[in-house]
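Reader: I have a structure open and don't know where to begin. Can you walk me through it?

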Amino acid sequence: MNVDILLGKTTEHLVPLPGTKFLIHKLMLQDFLLLQKEAKEEGFDLQVISAFRDYERQLKIWNLKASGQRQLIDDQERPLEFSKLSPLEVMFAILRWSALPGCSRHHWGTDIDVYDGNTQTPEEVKLVPSETIGEGPSARLHDWLDSRMSTNNAFGFYRPYATDRGGVSPERWHISYHPLSRRCLDNFTFSLFKRNLEESDILLKEQLLENADEIFQRYFLNVDLP
Ligand SMILES: [Zn+2]
């Protein structure tokens with residue numbers, strides 16, 4: 001597999017999702033449109049709020065958070081005070097909610113963040129847990145997706161961040177196309193992970209390299225499987 005695909009450094013594997021500005025993996029398009037059609041028949045408007053994200057974009061997100069220019073939040077969505085955190089605490093706070101550049105499943109084009117377009121506008125979507133559970137605006141869509149995923153595999157889509165495994169925070173809005181994303185995960189080696197860090201212009205690099213083994217296990221490999 002082309003490592004540039006794994007690291008978000010090429011768009012060769014992607015196509016536009018019709019009617020949107022988003023790019024997704026070309027081999028996933030058909031099945032996503034089928035899932036979207038079925039959702040529509042159930043009264044939901046299954047829409048994408050984030051799809052492919054490239055390396056540079058992820059690097060920018062990381063560095064803004066690592067330099068205190070973008071708000072960090074805790075597990076309960078409460079703001080954290082940047083100036084009171086050690087570099088190590090900042091690193092772990094970011095990892096809970098944001099992937100390392102080069103290690104985002106959004107690089108692969110196989111993973112998307114979704115919401116119900118019948119109940120939220122794109123501008124309203126914040127991608128926080130409260131939107132997707134209880135009385136949250138996209139909760140009913142996600143309940144339907146749960147039942148669809150458990151009965152007959154939802155065309156290959158599933159939730160890699162369904163439960164809290166002590167790494168990435170649960171992200172109910174994030175769904176993944178398993179036939180392709182599993183291959184990406186299986187091809188992503190620790191040596192690639194480490195080389196990517198060493199060659200990156202990333203902030204907190206020293207802390208990241210010191211904890212590379214733990215981070216690779218806990219925040220990258222440690223996902224739910226279908
Ligand atoms: Zn996501």
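Author: Let's start with a definition: the expected span of a helix is 1.5 Å times one less than its number of residues. Keep in mind that this is a predicted model.

Reader: What span should helix 3 have, at 1.5 Å a residue?

Author: Helix 3 covers residues 55-66, which is 12 residues, so the expected span is 16 Å. Its end C-alpha atoms are 16 Å apart, which agrees.

Reader: Which residues of helix 3 are buried?

Author: Tyr55, Gln58, Leu59, Ile61, Trp62, Asn63, Lys65 and Ala66.

Reader: And what do the buried residues of helix 3 pack against?

Author: Strand 4 (72-73), helix 4 (87-97), helix 7 and helix 8 (205-210).

Reader: Which residues are buried in helix 4?

Author: Val90, Met91, Ala93, Ile94, Leu95, Arg96 and Trp97. Their cover includes helix 3, strand 4, strand 5 (79-80), helix 8 and helix 9.

Reader: Back to Tyr55 for a second. What sits over the ring of Tyr55?

Author: The charged end of Lys9, 4.3 Å from the ring centre. Another case is Arg148, whose charged end sits over the ring of Phe155, 5.0 Å from its centre.

Reader: Changing topic. What coordinates the zinc ion?

Author: His106 through NE2, Asp113 through OD, listed twice, and His174 through ND1. The distances run from 2.0 to 2.8 Å.

Reader: How are the donor residues of the zinc ion spaced in sequence?

Author: The pattern is H-x6-D-x60-H. Asp113 lies in strand 6 (residues 111-116) and His174 in strand 8 (residues 174-177), so this pair ties together parts that are 61 residues apart in sequence.

Reader: Are Asp113 and His174 buried or exposed?

Author: Asp113 is buried, at 2% relative accessibility. His174 is buried too, with a relative accessible area of 1%.

Reader: What are the angles among the donor atoms of the zinc ion?

Author: They go from 51 to 152 degrees among the 4 donor atoms, and the site is irregular. Four donors count as tetrahedral if all angles lie between 85 and 135 degrees, and that range of 51 to 152 degrees goes outside those limits. For reference, the ideal angle for four tetrahedral donors is 109.5 degrees.

Reader: OK, rings next. How many aromatic pairs does the structure hold?

Author: There are 10. One of them is Phe188 with Phe220, a tilted pair with 4.5 Å centre to centre and 55 degrees between the planes.

Reader: Where do Phe188 and Phe220 lie in the chain?

Author: Phe188 is in the loop between helix 6 (178-187) and helix 7 (190-198), while Phe220 is in helix 9 (residues 212-221). They are 32 residues apart, and the pair links distant parts of the chain. Phe188 is buried at 3% relative accessibility, and Phe220 is buried at 5%.

Reader: Why does the pair of Phe190 and Phe193 count as stacked?

Author: The ring centres are 5.9 Å apart and the planes are at 20 degrees, so the pair is stacked. The cut-off for stacked is planes under 30 degrees apart. Phe190 and Phe193 are 3 residues apart in helix 7, so about one helical turn separates them.

Reader: Are Phe190 and Phe193 buried or partly exposed?

Author: Phe190 is partly exposed, at 27% relative accessibility, whereas Phe193 is buried, at 1%.

Reader: Which residues form the aromatic cluster?

Author: Trp108, Phe188, Phe190, Phe193, Phe216 and Phe220.

Reader: Let's look at the backbone. What is phi of Glu77?

Author: Near 70 degrees, which is a positive value in a residue other than glycine. Most residues other than glycine have a negative phi. Glu77 lies in the loop between strand 4 and strand 5 and is partly exposed, at 27%.

Reader: And what about Leu204, where is that found?

Author: In the loop between helix 7 and helix 8. Leu204 also has a positive phi, about 70 degrees, although it is not a glycine. Leu204 is buried, with a relative accessible area of 15%.

Reader: Last one. Where is Phe44 found?

Author: In the loop between helix 2 (29-41) and strand 3 (46-50). Phe44 is buried at 7% relative accessibility. Leaving aside neighbours within four places in sequence, its contacts are Ala39, Asp116, Asn118, Arg140, Leu141 and Trp144.

Reader: How far is Phe44 from His142?

Author: They are 98 residues apart in sequence and 9.8 Å apart in space, C-alpha to C-alpha.

Key:
Residues numbered from 1 in each chain as written. Predicted model: local features only at pLDDT ≥ 70, side-chain atom pairs only at ≥ 80, totals over all residues. Heavy atoms only, no water. Phe/Tyr/Trp six-rings, centres within 6.5 Å; stacked < 30°, edge-to-face > 60°. Helix = DSSP H or I, 4+ residues; strand = E, 2+ residues; numbered from the N terminus. Buried < 20%, exposed > 50% of the residue type's maximum accessible area, 1.4 Å probe, protein only. Lys NZ or Arg CZ within 6 Å of the ring centre and 35° of its normal. Donors = N, O, S within 2.8 Å, 3.2 Å for Na, K, Ca; no water. Tetrahedral: all angles 85-135°; square planar, octahedral: opposite > 155°, others 65-115°. Contact = heavy atoms within 4.5 Å.
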